[in-house]
Amino acid sequence: MTDALVRSPGASAPGLRRSVTRLTVREETTMHDHRKLGRELGLFDTDPLIGAGLPYWLPDGALVRHTLEEYIRDAERRAGYRHVYSPVLGKRELYEISGHWSHYSEDMFPPMDLGGEQVLLRPSLCPHHALIYRSRSHSYRELPLRIAELGGMYRSELSGVLGGLTRVRAIQLNDAHIFCTLDQVAGEATAALEMIRRAYDALGIRPARYRLSLPGAGGKYVAAPEMWQRAAALLTDVLDRSGLAYEAAEGEAAFYGPKIDIQIADSAGREATLSTVQVDFHQPEQFDLHYIGPDGAKHRPVMVHRSIIGSIERVVAHLIELHGGAFPAWLSPTQLVVLPVSDAEMPQAAALVRRCTDLGLRAQIAGPDDGSLGARVRAARLVPYQAVIGAKEAADDQVALRLRDGRRLDALPAAEVLARIGALVDARRTDLWDTVTCS
Ligand SMILES: [Zn+2]
């Protein structure tokens, strides 16, 4: 998706040359460190007084984050998920039951003593969602029951790096748990993989590889050989049917079950897991979860854990590096910058920004006070659309549109330009324009 220009059937020879140049620029920009760029673009920052691994989000970064969160919540609602909120703290006993305390405590913050009880910052959302499921009785007719939350979790990263989003101690996770019958597991896992594919298309992300993450040697994993085999067989079957190429890796499973991990790589080739689909027989057992089957008896559900875009911190870090700050238009903090040629066109420029705002587009003016037209175009080089308004455009309610990739369009009616940008943004397209209309 990132090189739509190259694949464009209507691309002329000059267009292709431009595309090649663009790819070279992209290759250079992938060398950007998200920490440096994040600060330069005013997306996020850190402060030693808050601490290492605890970034805060600036207004433009918060806009990117809100837009991502809206995207994922919308996609989940359409896919039949119900959203919940649950607290970021829980009693130590909760994590003893879930198994985190015995298998994962080295990654957890130490307990806080509170009125004779020990309370912990949660290392994952699963135990809370298991309790939410358990709080009501469920019939087999309600399954699969999909509970989703964009929620906080915490990891005691000793090497929490100051200034970055990739090694953080406070994590906002796009998480969900599907409580279902054994027969429904494959369908749910397959549907989650399809949601991941669509999200990656919209974000321009290309997976480095799919990994079937299996347990390894050592006591990190709950001991239940038959359970591991069943879960691994289910995920293997899902991957084989999907036609996706994948590699099995031992020692990469969650402590409670195997996973399909979708790996991404940074410009240096370092891999990280972004998205995941996991099958868990362990926690339903630990929390004594059940549903009432058609036979009127209690049955144990399976828990499918899945994350479409992973943690907000990691996905934004990856997107910054991948796009060099030139986000897909739907995700850009500023989608359109309005450039009046002279002060005489300022009223029309202000009116255009208001129209954008009314349409839900994020627009700003860069007026003559901000420098020459050329300087303003360069300053806005990461903004997907630049609308130039000269005397003629102002008189005719038109704009001369420049696209971030260097293409320039003939003057078009402002209403048409905004409608077409709005349609591309609503569709979460990664291409900027219909190439046929470009000069
Ligand atoms: Zn989980």
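**Entry 1: a salt bridge between two loops**

I looked up Asp288 in this predicted model and found that, at 47% relative accessibility, Asp288 counts as partly exposed. Its side chain meets that of Arg300 in a salt bridge, with 2.8 Å from N to O. Asp288 sits in the loop between helix H10 (282-286) and strand E13 (291-292), while Arg300 sits in the loop between strand E14 (298-299) and E15, so the pair ties together parts that are twelve residues apart in sequence. Arg300 has a relative accessibility of 33% and therefore counts as partly exposed too, since that value falls between the 20% and 50% limits.

**Entry 2: other salt bridges**

How many salt bridges does a search of the whole structure find? The search finds 29, and I followed a few of them further. Asp397 and Arg355 meet through their side chains at 3.1 Å, N to O. Asp397 is in the loop between helix H14 (391-396) and E19, and Arg355 is in helix H12 (residues 346-358), so this pair ties together parts that are 42 residues apart in sequence. I noted Asp397 as partly exposed at 40% relative accessibility, and Arg355 as partly exposed at 29%.

I then turned to Lys392, which forms a salt bridge with Asp396, the closest N and O atoms being 3.0 Å apart. Both residues lie in helix H14, four residues apart, which is about one turn of the helix. Lys392 is exposed, with a relative accessible area of 56%, whereas Asp396 at 40% counts as partly exposed. I also wrote down a network in which salt bridges with shared partners join Glu194, Arg197, Arg198 and Asp201.

**Entry 3: a buried arginine**

Which side chain of opposite charge is nearest to Arg404? I found that it is Asp405, 7.2 Å away, and that Arg404 is buried yet has no salt bridge. A salt bridge needs the nitrogen and the carboxyl oxygen within 4 Å, so a side chain at 7.2 Å does not qualify. Instead I looked at backbone oxygens: the side chain of Arg404 reaches that of Phe327 at 2.8 Å and that of Leu382 at 3.0 Å. Arg404 itself lies in the loop between strand E19 (398-403) and strand E20 (412-413), and among the residues it touches beyond four places in sequence are Pro328, Ser332, Val383 and Leu432.

**Entry 4: a buried tryptophan**

I found Trp330 in the loop between helix H11 (312-323) and strand E16 (336-340), and with a relative accessible area of 3% Trp330 is buried. A polar atom of the Trp330 side chain lies 2.9 Å from the backbone oxygen of Ala202. Beyond its neighbours within four places in sequence, Trp330 is in contact with residues including Thr67, Tyr71, Leu203 and Arg362.

**Entry 5: the zinc ion**

Which residues coordinate the zinc ion? I listed Cys126 through SG, His177 through NE2 and His305 through ND1, at 2.0 to 2.3 Å. His177 lies in strand E8 (residues 170-180) and His305 in strand E15 (residues 302-307), so the pair ties together parts that are 128 residues apart in sequence. His177 is buried at 0% relative accessibility, and His305 is buried at 3%.

**Entry 6: strand E7**

Finally I checked strand E7 (residues 145-154), where ten of the ten residues are buried. E7 and E8 run antiparallel and are joined by ten bridges, and one of these bridges pairs Tyr154 with Ala170 in E8. E7 also pairs with strand E3 (residues 82-83) in the parallel sense over two bridges, with Ile147 as the partner of Arg82.

Conventions. Residues numbered from 1 in each chain as written. Predicted model: local features only at pLDDT ≥ 70, side-chain atom pairs only at ≥ 80, totals over all residues. Heavy atoms only, no water. Donors = N, O, S within 2.8 Å, 3.2 Å for Na, K, Ca; no water. Buried < 20%, exposed > 50% of the residue type's maximum accessible area, 1.4 Å probe, protein only. Contact = heavy atoms within 4.5 Å. Polar contact = N/O pair within 3.5 Å; in protein donor to acceptor, adjacent residues only side chain to side chain. Lys, Arg positive; Asp, Glu negative; His and termini not counted. Pairing = 2+ DSSP bridges.
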